[in-house]
Amino acid sequence: MAGHIVCFGELLLRLTAPGRELLMQTGSLDVHVGGAEANVGIGLANLGHDVAMVSAVPDNPLGQAAIRFVRGQGVDTRNVQLRDARMGLYFLSVGAGLRASDIVYDRAASSFATAPADAFDWRSILDGAAMLHLSGITPALGPATAAAAISAAKTAKELGVAISFDGNYRARLWESWDSNPRAVLTELVSLADTMFGNHRDVSLLLGQTFSGDGADRRREAAEAAFDAFPNLQRIASTARHVDDADRHRIAARVDTRERGYQTDEVVVAGIVDRIGGGDAFAAGILHGVLSGQDLEATVASGLALTCLKHSLPGDASLFGQCDIDAFLEGGLDVRR
């Protein structure tokens with residue numbers, strides 16, 4: 001698929017308690033650059049794809065540092081605007097044993113959230129693009145970002161640019177303003193070719209309950225979504241069972257209109273950092289789609305990248321094709 005991938009969303013700074021401390025236990029915090037859409041873009045750039053990021057950050061050292069990091073991973077940042085207001089932040093305490101990880105958001109009134117809906121010239125930005133990637137976090141931030149996301153998707157559709165949409169439902173963000181998440185998300189999914197979401201996302205969109213208990217039930221939810229959204233070509237998701245903070249079991253699935261394919265569970269133990277695992281999965285699936293892989297290989301790429309991400313501190317996957325290949329070969333000895 002010729003052309004580049006455009007990712008639209010907020011760049012954030014993540015402040016993490018060191019080791020597995022609670023927030024402010026010793027007053028030290030490690031800093032990483034994050035953001036769901038940027039994580040997908042960085043993952044794709046590390047897999048050799050041409051990626052451009054569209055966002056807004058403050059014109060200060062925090063915003064400039066975020067741009068430098070994203071650019072340093074090979075992502076085009078020319079459409080990351082420098083605006084007034086503040087940098088969006090979130091704080092993470094990494095879980096341990098039977099204590100789950102905990103996140104505190106501090107992103108209200110950020111440069112991205114307060115950017116007007118017409119701040120981005122989508123016809124120019126999307127010129128020559130092969131794909132636009134969005135997530136449900138962007139429209140959840142407020143009416144301006146919701147309008148911007150819809151405008152981006154409509155323009156992409158007019159230009160024949162494929163659209164990838166990750167549901168990423170965040171109830172607290174939607175509840176912070178007078179929103180109608182089902183209506184907004186339905187409009188975005190109706191324009192998408194690829195959706196990242198599971199039976200719970202389909203339940204929200206269609207207003208009926210679907211179960212994720214087993215492959216047959218997941219296929220039932222996917223078929224209902226395909227019936228409701230004629231443009232949709234594939235739905236990708238993971239199934240995660242959490243034994244404790246250090247040991248998860250993960251399977252990956254992709255449904256097309258013709259069939260579905262689900263992997264066996266992989267045990268992911270010794271977890272370093274699970275944040276961004278879903279974004280790594282999305283990058284792996286889109287890598288398979290953009291590279292013309294068949295369904296089984298595409299699902300394998302997604303599963304490999306999400307599992308590998310759990311070994312890496314920070315929000316984004318920094319792995320290349322050789323890392324995916326090594327994972328799928330199953331060798332865990334030192335690579336020399």
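Here are four short exercises on this predicted model, each with a worked solution.

**Exercise 1. A strand and its sheet**

Work out which strands pair with S2, in what sense, and where S2 sits in the sheet order.

*Solution.*

Step 1: Begin with strand S3 (residues 30-34), which pairs with S2 in the antiparallel sense over five bridges. Across this pairing, Gly34 is the bridge partner of Leu12.

Step 2: Now turn to strand S6 (residues 88-93), where the pairing with S2 is parallel and again runs over five bridges. Here Leu12 has Gly88 as its bridge partner, and Leu13 stands opposite Leu89.

Step 3: Put the pieces together. The order S3-S2-S6-S7 describes an open sheet of four strands with mixed pairing. S3 and S7 (102-106) stand at the edges with a single partner strand each, so one side of each has no neighbour in the sheet. On average, and ignoring direction, neighbouring strands are turned by 25° against each other.

**Exercise 2. Two faces of S2, and a helix**

Decide which residues of S2 point one way and which the other, and whether they are buried or exposed. Then find how many residues of helix H1 are buried.

*Solution.*

Step 1: Recall a general pattern: in a regular strand, side chains alternate between the two faces of the sheet.

Step 2: Apply the pattern to S2 (residues 12-16). Leu12, Arg14 and Thr16 point one way, while Leu13 and Leu15 point the other way.

Step 3: Check the cover. Buried means under 20% relative accessible area, and five of the five residues of S2 are buried.

Step 4: Move on to H1 (residues 36-46). Here 10 of the 11 residues are buried, so the helix is largely enclosed by the rest of the structure. Among the buried residues are Glu37, Asn39 and Val40. Just after H1, Gly48 takes a positive phi of about 95°.

**Exercise 3. A buried lysine**

Find what the side chain of Lys309 reaches, and which side chain of opposite charge is nearest.

*Solution.*

Step 1: Locate the residue: Lys309 is in helix H11 (residues 295-309).

Step 2: Look for a partner of opposite charge. The nearest such side chain is that of Asp273, at 4.2 Å. A salt bridge needs the nitrogen and oxygen within 4 Å, and Lys309, although buried, has no salt bridge.

Step 3: Look at the backbone too. The side chain of Lys309 reaches the backbone oxygen of Asp273 at 3.3 Å.

Step 4: Add the surroundings. Beyond its neighbours within four places in sequence, Lys309 is in contact with residues including Ile275, Ala280, Asp315 and Phe319.

**Exercise 4. Salt bridges**

Find which residues form salt bridges with Asp76 and Asp243, and say how exposed the partners are.

*Solution.*

Step 1: Start with the total: the structure holds 15 salt bridges.

Step 2: Take Asp76. Its salt bridge is with Arg78, and the closest N and O atoms are 2.5 Å apart. Asp76 counts as partly exposed at 23% relative accessibility, whereas Arg78 counts as exposed at 73%.

Step 3: Take Asp243, which is partly exposed with a relative accessible area of 32%. One salt bridge joins Asp243 to Arg247, with the closest N and O atoms 2.5 Å apart. Another joins Asp243 to Arg249 at 3.1 Å, N to O. Arg247 is partly exposed at 35%, and Arg249 is partly exposed at 25%.

Step 4: Finish with a network. Salt bridges that share partners join Arg219, Glu223, Arg253 and Asp255.

Key: Residues are numbered from 1 along each chain as its sequence is written. This is a predicted model: local features need pLDDT of at least 70, side-chain atom pairs count only at pLDDT 80 or more; totals for chains, interfaces and linings use all residues. Side-chain values use heavy atoms; hydrogens and water are left out. Buried means under 20% relative accessible area, exposed over 50%, partly exposed in between (1.4 Å probe, protein chains only). Two strands pair if DSSP finds at least two bridges between them. Axes are lines fitted to C-alpha atoms, for helices over the stretch in contact, and angles run from 0 to 180 degrees between N-to-C directions. Lys and Arg count as positive and Asp and Glu as negative; His and the chain ends are not counted. A polar contact is a pair of N or O atoms within 3.5 Å; within protein, one must be able to donate a hydrogen and the other to accept it, and residues adjacent in sequence count only if both atoms are side-chain atoms. Contact means heavy atoms within 4.5 Å.
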